[in-house]
Amino acid sequence: VIVKGKGTFVADEPQRIDIKNAGANLFSLLSARALDLLIDLQVDTITGEGEIDRLFGMTAGTSHGGYWSISWRQEEEGQIYVFCRSLIPVYMFPELGPDLQQGKRLIDIMANKYAYLPQKTSGRLFVRQARLEESQILDISRNAPVLVLSSRLTSRSGNVCEISTAVLRSDLVSLGLDTGRS
């Protein structure tokens, strides 16, 4: 910390947001319990293109209606600490976009969709530099280090039902990882 006229001093460790039991489905829309913590929820549709279709296991030429692209932020004590984006196949949840925009409760949106709800998750956590959009949303400098949790959620029917990416401010969060066995 630089104090004008006094010098440069070692800063205290910043207070961190402690995220307990971090897992691959932590920032999944389909695994969320409620929508009220999701700030600035934005819903768009995108068409399936090469790489996205491949990630969802779609074969070339398969007609499937595209994907919902849903993004949001989460904050604690007024500080945005994560920016999330999920891709969800339209054919699995055809009314998801309008339902979210109308403010329907998540439990009502997911009713009778048991075959398409996440059953298995896999993910990876890595560090990279923030991209321009992420740096603006998270209020950090471009190219600042961020933690990225990238997840793939598979439904009971065996289909990929969601691919989510969460970009977390590495200067604000602390992740707790537990194995489930004591």
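In this predicted model, the side chains of Asp171 and Arg169 meet in a salt bridge, 2.6 Å from N to O. The two partners differ in burial class. Asp171 is partly exposed, because its relative accessible area is 33%. Arg169 counts as buried, because its relative accessibility is 9% and the limit for buried is under 20%.

Arg169 also leads into the sheet. Strand β9 covers residues 160–169. Its partner here is β6, and the two pair in the antiparallel sense over 6 bridges. One position helps to set the register: Cys84 stands opposite Ala166 in β9.

Now take the sheet as a whole. It is open, and 6 strands form it. Their order is β4-β5-β6-β9-β8-β7, with antiparallel pairing. The edge strands are β4 (39–46) and β7 (118–129), and each pairs on one side only. From one strand to the next, the twist averages 15°.

Back to β6, which spans residues 79–89 and includes Val82. Val82 has 0% relative accessibility, so it counts as buried. What does Val82 touch, leaving aside residues up to four places away in sequence? Its contacts are Phe27, Trp72, Arg73, Gln74, Leu138, Ala166, Val167 and Leu168. Among them, Ala166 is the residue that Cys84 faces across the strand pair. Ala166, Val167 and Leu168 are contacts of Val82, and strand β9 runs over residues 160–169. Val173 gives another view of how the chain returns to this region. Val82 and Val173 are 91 residues apart in sequence, yet their C-alpha atoms are 9.1 Å apart in space.

The salt bridges deserve a second look. The count comes to 7, and the Asp171 and Arg169 pair is one of them. Another joins the side chains of Glu134 and Arg128, at 2.9 Å from N to O. Here Glu134 counts as buried, because its relative accessibility is 7%. Arg128 is buried too, because its relative accessible area is 17%, and the cut-off is under 20%. Arg128 falls within the edge strand β7 (118–129).

A further bridge links the side chains of Lys104 and Asp99, at 3.4 Å from N to O. Lys104 counts as partly exposed, because its relative accessibility is 39%. Asp99 is buried, because its relative accessible area is 11%.

Notes
Residues numbered from 1 in each chain as written. Predicted model: local features only at pLDDT ≥ 70, side-chain atom pairs only at ≥ 80, totals over all residues. Heavy atoms only, no water. Helix = DSSP H or I, 4+ residues; strand = E, 2+ residues; numbered from the N terminus. Buried < 20%, exposed > 50% of the residue type's maximum accessible area, 1.4 Å probe, protein only. Contact = heavy atoms within 4.5 Å. Salt bridge = Lys/Arg side-chain N within 4 Å of Asp/Glu carboxyl O. Pairing = 2+ DSSP bridges. Axes fitted to C-alpha atoms, helices over the stretch in contact; angles between N-to-C directions.
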